[in-house]
Every structure is written in C-alpha cells, then in structure tokens.
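Subject: The structure I promised you

Hi,

Here is the structure I said I'd pass on, with my notes underneath. Have it open on your screen while you read, and write back if anything is unclear.

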Amino acid sequence: MLNTRGLTRRGARAGQTRYQAVAALAIGSAILGGGMFLAGCSGSSSSASSASGTSARSAAGSEALPAPVAAAAGAAGQNSSGGQPGSTGTTARLAPAGDIIYTAQLTIRAPSVSSATNRAAQIAADAGGYVSDETTSANPDHPAESTASVQLKIPVASYPATLSQLSAGLGTQLALKQQAQDVTQQVADVNSQVTSDQAAIAALRALLSHAGSVSGLLSVQNQINAEETSLESMLAQQRALSHETSYATVTLTILGPKAKPVVHRPKPPPSLAGGLGAGWHALRVTVSWTLAVLGAVAPFAVIAALAALVIYRGRRWVIRRRPRAPAASPES
C-alpha cells in the first residue's frame with residue numbers, strides 16, 4: 001500500500017516536471033522568435049534608411065557639383081553597376097575643387113591703344129568682371145608709341161574664355177604668362193580661426209554676465225576686445241581670400257604699333273663683383289652726401305666764424321679802453 005502511494009507521488013512529480021519543462025521551452029521559443037522578428041524588422045528598416053540616406057546624399061552631391069562633373073559621376077555610377085536594373089553599384093565620389101588664385105600677364109600690340117583699352121574693358125564687363133587699375137602713357141607727337149597697362153578682374157568661371165577672347169580680339173599677342181596658386185590650406189586655416197574667435201567671444205560674453213567684481217569685469221572685457229580685434233583681422237583676410245579666389249587677375253599691357261615692349265630682366269644672383277660694385281656705389285653715395293652737407297653748412301659756418309671774430313675783437317678793444325684802477329699805496 002505504501003509502495004503504491006510512493007509510486008503515485010513520484011509519477012505525479014515527474015508529470016509536473018515534464019509540464020514545467022515543456023512550458024519553459026515554449027516560452028523560450030516564443031521569446032527567441034520575437035527577438036529574431038524584431039531584429040529582422042530593425043535590420044530592414046535600417047537598410048532602407050541607409051539606402052534612402054545614400055540616395056539623398058548622392059542626389060545632393062550631384063546637385064552641388066557642376067553639370068559636367070555630375071554627368072561624369074552619374075556615368076561612373078552606371079558603369080560600376082554594370083548596366084543591370086536592380087544592382088546598387090558604387091557611386092563615384094569626386095573631391096570638390098580647391099581654392100586657387102589665378103593670375104595672368106598678357107602683352108598685346110594693337111593699332112590703336114585707346115580702342116584696345118576700351119574693348120578690353122567691355123570684354124571684362126561682359127564676363128562679369130571689372131577694371132581695377134588702368135595706366136596710359138601717350139605722346140601726342142608720336143601716338144604710335146603709346147602704351148597702356150590695364151588690370152582686369154575676371155570671374156574664375158569665365159576666366160579661360162575671357163583670356164582667350166582678350167588674346168585674339170585686341171591685336172597681336174606678344175607674350176602670355178599664367179600662374180595658379182593653391183591657397184586651400186590657407187583658406188581652411190583662416191576659416192577655422194574665424195570660427196574659434198567667434199566661439200571664444202561667445203564664451204567670454206557668457207562669462208561676463210557671471211563676473212562679480214569690477215576687476216573681473218574689466219579682465220573679461222579686455223579679453224573680449226582682444227578676441228574681437230583678432231576676429232576682425234581674420235574676417236578681413238577671409239574676405240580678401242574669397243575675392244582673390246573668386247576673381248582671376250589679368251594684367252594686360254597694350255603697346256602701340258611702334259612702342260617698345262618692356263623687358264623684365266631677371267635679377268642676377270649675388271656675387272663678389274656685385275658686392276664690390278655695391279660697396280663702391282655706397283661709398284660714392286656717402287662721400288657725395290657728406291660733401292653736399294658740408295657745402296650746405298659752409299656759408300653758415302663762415303658767417304658764424306666772422307661774427308665770432310668781430311665779437312672777440314670788440315671785446316678786446318673794450319677791455320683796452322677801460323680805465324685801469326689806481327694801485328693802492330702801501331700802509332706806513
């Protein structure tokens with residue numbers, strides 16, 4: 001009887017244990033399945049958002065790039081995708097152009113210097129530029145020997161076409177020299193300094209409202225003034241660099257039919273003969289200036305010497321004419 005009850009209790013406990021294990025297994029499966037489902041949903045949503053972000057950045061990049069560069073980027077993307085309609089491909093990422101200062105020196109011989117000067121100014125104005133400096137040398141007796149030097153500011157986008165138009169449309173081209181200076185790092189440094197100064201000024205102004213003593217207020221205000229001075233200098237450099245990188249500078253020299261071109265000879269390197277020549281020239285200049293100073297001072301020196309001599313002689317004459325005091329007799 002006792003053995004039967006023990007077996008019954010063991011069977012009931014075993015059944016409860018099996019039921020608990022099955023329930024735990026079902027709950028674990030449900031939790032695992034839900035986690036996999038949520039992971040799949042988040043993965044799909046993140047992939048969709050990354051794809052949409054990539055497409056948005058690609059669209060924004062192609063809108064920011066010029067038309068030829070955007071077309072090249074689109075063609076590169078199509079070629080990388082292999083022409084298949086469902087493939088993603090790799091979009092070509094092109095670095096933006098740097099900040100470059102363009103300058104050119106152009107020498108033209110024209111039949112009429114004044115007409116060529118006016119024509120050059122009109123070409124620059126049509127391209128969106130302007131004349132920043134103009135110097136004309138004309139001889140009424142010999143108008144064919146007239147010369148003019150014009151400095152033009154041309155927008156960088158129109159610089160190549162305008163330079164070609166100036167070279168071919170004014171007269172015979174005698175010389176052309178072009179330079180391109182990359183100032184990308186300098187522009188980045190100036191922009192960074194401007195940002196730093198602005199942040200420092202904002203922080204100092206916030207600190208100024210919490211300064212308690214008068215000395216603290218004056219110290220913070222002095223720092224603000226120093227940062228504002230630095231910021232104004234950096235802003236001036238920023239504006240100058242922005243203008244120089246936005247406009248190319250073309251120095252145009254226009255010569256008349258018989259005018260002689262100006263030859264810019266390179267400066268020779270320093271040498272012993274050059275040093276001796278410079279020293280001899282300095283000695284001659286020093287001696288010349290010394291003699292010139294002596295010559296300028298000599299008349300005043302002569303007059304001063306004569307006046308001193310007259311005063312000296314007059315004083316001696318007065319002393320001689322002054323009666324002498326009688327000698328004192330000795331006491332008896």
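Start with the buried residues of α6, which pack against β1 (100-109), α5 (184-208) and β5 (247-255). This is a predicted model, by the way, so keep that in mind as you read. The residues of α6 that are buried are V220, I224, L231, M234, L241 and T245. Some of the gaps in that list may look familiar from helix geometry: an α-helix has 3.6 residues a turn, so residues three or four places apart point the same way.

You can also check the length of α6. The helix covers residues 214-246, and its 33 residues should span 48 Å at 1.5 Å a residue. The C-alpha atoms at its ends are 47 Å apart, which agrees.

Now for its partner, α5. This helix has 25 residues and reaches 36 Å from its first C-alpha to its last, close to the 36 Å expected. Its buried residues are V187, V190, V194, D197, I201 and L204, and they pack against α6.

I201 is a good place to zoom in. The residue sits in α5 and counts as buried because its relative accessibility is 6%, where the cut-off is under 20%. Leave aside the neighbours within four places in sequence, and I201 is in contact with E227, E228 and L231. You could also look at I201 together with Q223: they are 22 residues apart in sequence, and their C-alpha atoms are 8.5 Å apart in space.

E228 turns up again in a salt bridge. Its side chain meets that of R205, at 2.7 Å from N to O. R205 lies in helix α5 and E228 in helix α6, so the pair ties together parts that are 23 residues apart in sequence. How many salt bridges does the count come to? Just one. As for its surroundings, E228 is partly exposed, with a relative accessible area of 26%.

Go along α6 to T245 next. Is T245 buried or exposed? It counts as buried, because its relative accessibility is 15% and the cut-off is under 20%. A polar atom of the T245 side chain lies 3.1 Å from the backbone oxygen of S242. If you don't count residues up to four places away in sequence, T245 touches D99, I100, I101, V156 and V183.

On to the strands. Here is how they pair:

- β1 and β4 (residues 172-182) run antiparallel and are joined by 10 bridges. To find the pairing on screen, look for T103, whose bridge partner in β4 is Q179.
- β1 also pairs with β5, in the parallel sense, over seven bridges. There, I108 stands opposite I254.
- β5 pairs with β3 in the antiparallel sense over nine bridges, and L152 has V250 in β5 as its bridge partner.
- β3 (residues 147-155) pairs with β2 (residues 130-137), again antiparallel, over seven bridges. E134 stands opposite V150 in that pairing.

If you follow the pairings through, you can step from β4 to β1, from β1 to β5, from β5 to β3 and from β3 to β2.

One more residue to visit is T162, in helix α4 (residues 159-169). T162 counts as buried, at 4% relative accessibility. Apart from neighbours within four places in sequence, T162 is in contact with I123, A127 and I154.

Finally, zoom out to the whole chain. There are seven helices and five strands, and from the N terminus on they run α-α-β-α-β-β-α-β-α-α-β-α. What percentage of the 332 residues is buried? The figure is 16%. The chain exposes about 24,100 Å², and carbon and sulfur atoms supply 61% of that. Then there are the contacts between residues at least 6 apart in sequence: 77% of them join residues at least 24 apart.

I'd go through α5 and α6 with the side chains switched on, then turn to the strands. Tell me where you get stuck.

Cheers

Conventions
Residues are numbered from 1 along each chain as its sequence is written. This is a predicted model: local features need pLDDT of at least 70, side-chain atom pairs count only at pLDDT 80 or more; totals for chains, interfaces and linings use all residues. Side-chain values use heavy atoms; hydrogens and water are left out. Helices (H or I, at least four residues) and strands (E, at least two) are DSSP runs, numbered from the N terminus. The expected span of a helix is 1.5 Å times one less than its number of residues. Buried means under 20% relative accessible area, exposed over 50%, partly exposed in between (1.4 Å probe, protein chains only). Contact means heavy atoms within 4.5 Å. A salt bridge is a side-chain nitrogen of Lys or Arg within 4 Å of a carboxyl oxygen of Asp or Glu. A polar contact is a pair of N or O atoms within 3.5 Å; within protein, one must be able to donate a hydrogen and the other to accept it, and residues adjacent in sequence count only if both atoms are side-chain atoms. Two strands pair if DSSP finds at least two bridges between them. Accessible areas come from the Shrake-Rupley method with a 1.4 Å probe; for residues, only the protein chains shown count as cover.
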